[in-house]
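This report examines selected local features of one protein chain. The chain is displayed first, and the discussion follows under short headings.

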Amino acid sequence: MSDTIFTDKNLLKAYIDCRKTKRHTANALKYEMDLENNLSALKDSLICRAYQPGRSICFVVTVPKPREIFAAQFCDRVVHHVLINQVQSIWEKHIFIPDSYACRPGRGHHYGMRRLFAYAKAYPYYGLFDIANFFGSIDKAILFTCFQRTIEQVSKPPWWKEEILWLARTIIFHNPAGNFFYKGDPRLRAQVPAYKSLIGKDGTTGMPIGNLTSQFLANVYLHELDAFATRTLGIKGYGRYVDDFVIFADSSEQICVWRKRITVFLIEKLHLTLHPRKAQIQPTRHGIPFVGYFIKPGGVTVRRNVVKTLKRKMYRWNTHTDTAQVIASLNSYYGHFGKAKTAHLRKHLIEAHMSPDLKEKIVVMGNWQYLKLRKNIQNKV
């Protein structure tokens, strides 16, 4: 076997991983039409260090708030998977703490909710904090130093470390705002605050939202916070989802002390700041709004804004022609609801907010747990 991570096997696996959620997009179909030559050309460019990320697609999403997205080309997404497939297990097995929940195998909203529910039962007070403009404030030099420190410590051959660090450096220090085309309503760009935009910046700070590598590297960056909170400060009750984190204690005074220490650490070590208005220190019995749930020591419910969003969608879905797609979307919500005390809510949503026509096409399974198409409708489809 040649001494390189850029093998046909690794590139093919990265491509298959990449296409799982992009199979029917125009860029993915175009890439697949000449797959062998595309992967071969990509392999050559990676081996000889000629690879550079291509032009990004920029667009703005407005829910839950205006955000600027830089979507990488399909070819670049394949490269992202090459890197993540090589390094993710290192951080998962040896570096990341159990209470980092976002974008990790076996973690996520439900896991984070269960962890915080246990902490809510064990501690009388909590503090909920948010990092201001997190993705736009990431210092790329600090991020690469954090990444490099771990790579240099693992038991891998020198050629492997050299290729990983070259590829990580290429991805981290790439400035997507330097080469992009905008897609969508131009008026939406004005809704994104200037300080949150990557456009017009020098490229030394900020990571594009949405890319696989951005999600993983965000955890690499904020692991420094996780380690400081749990090891240096000795916080036993701690949980983080992306840039939102919760700390638990026996008194509100203790949380205030920890907040001051964390504020200084973020500024000095990571060049980040806590959001001045998105912070609260309260008794846990008042409830913790986190990962779409409202968590109390006595139980867990779904946040009201999640329910309101679903009701608005159901109003549109009642006239939707693709019933199978409507059911799939509803079931994703019901999967989220099913982890909380929501039996009456799930029943109410179907009975009060679903059109009679749509009700005739579905079957409710279990205790209003999920939906299926009626057999006669399914056969017609």
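## A buried strand residue

V300 has a relative accessibility of 5% and therefore counts as buried, the limit for that class being under 20%. The model under discussion is predicted. V300 is placed in strand β10, which covers residues 299-302.

Once neighbours within four places in sequence are set aside, V300 is in contact with M113, F117, Y293, F294, I295, A340 and K341. A separate pairing gives a sense of extent: the C-alpha atoms of V300 and C146 are 36 Å apart in space, with these positions 154 residues apart in sequence.

## Helix α5 and its contacts

H110 belongs to helix α5, which is formed by residues 109-122. The relative accessibility of H110 is 25%, so this residue counts as partly exposed.

Which residues touch H110, apart from its neighbours within four places in sequence? The contacts are Y293, G335, H336 and K339. Y293 also appears among the contacts of V300. In addition, H110 and G338 are 228 residues apart along the chain, while their C-alpha atoms are separated by 10 Å.

## Helix α8

T170 lies in helix α8, spanning residues 158-172. With a relative accessibility of 11%, T170 counts as buried because the class requires a value under 20%. Not counting residues up to four places away in sequence, T170 touches Y51, Q52 and P53.

## Salt bridges

Side chains of opposite charge can pair when their charged atoms come close. The structure holds 11 salt bridges. One of them joins the side chains of E224 and R149, with an N to O distance of 2.8 Å. E224 is in helix α9 (residues 212-232) and R149 is in helix α7 (residues 140-153), so this pair ties together parts that are 75 residues apart in sequence. R149 has a relative accessible area of 36% and is partly exposed.

Two further bridges link residues with nearby numbers. D185 pairs with R187, and their closest N and O atoms are 3.0 Å apart. Within this pair, D185 counts as partly exposed at 27% relative accessibility, whereas R187 counts as exposed at 65%. K361 pairs with D357, the closest N and O atoms being 3.5 Å apart. Here K361 is partly exposed at 23% relative accessibility, and D357 is likewise partly exposed at 45%. Elsewhere, K13, D17 and K20 are linked in a network of salt bridges.

## A positive surface patch

Which residues gather in a patch of positive charge on the surface? They are R304, K308, K311, R312 and R316. R316 lies in helix α11, which comprises residues 304-317.

## Backbone geometry in loops

Several loop positions merit attention for their backbone geometry. The peptide bond from V63 to P64 is cis, its omega being near 0°. P64 is found in the loop between β1 (56-61) and β2 (67-71).

C103 is not a glycine, yet it has a positive phi of about 55°. This residue is located in the loop between α4 (74-94) and α5, and it counts as partly exposed at 40% relative accessibility. V242 also has a positive phi of about 55° without being a glycine. The loop that holds V242 runs between β5 (237-241) and β6 (244-249).

## The loop before helix α9

Where is G210 found? G210 occupies the loop between β4 (180-182) and α9. At 43% relative accessibility, G210 counts as partly exposed.

G210 and I69 are 141 residues apart in sequence, and the distance between their C-alpha atoms is 6.9 Å. Strand β2 (67-71) has been named above as one boundary of the loop that holds P64.

Notes:
Residues are numbered from 1 along each chain as its sequence is written. This is a predicted model: local features need pLDDT of at least 70, side-chain atom pairs count only at pLDDT 80 or more; totals for chains, interfaces and linings use all residues. Side-chain values use heavy atoms; hydrogens and water are left out. Patches are made of residues with over 30% relative accessible area and no salt bridge: like charges are joined within 9 Å, nonpolar side chains (Val, Leu, Ile, Met, Phe, Trp, Tyr) within 5 Å. Accessible areas come from the Shrake-Rupley method with a 1.4 Å probe; for residues, only the protein chains shown count as cover. A salt bridge is a side-chain nitrogen of Lys or Arg within 4 Å of a carboxyl oxygen of Asp or Glu. Lys and Arg count as positive and Asp and Glu as negative; His and the chain ends are not counted. The place of a charge is taken as NZ of Lys, CZ of Arg, CG of Asp or CD of Glu. Helices (H or I, at least four residues) and strands (E, at least two) are DSSP runs, numbered from the N terminus. Buried means under 20% relative accessible area, exposed over 50%, partly exposed in between (1.4 Å probe, protein chains only). Contact means heavy atoms within 4.5 Å.
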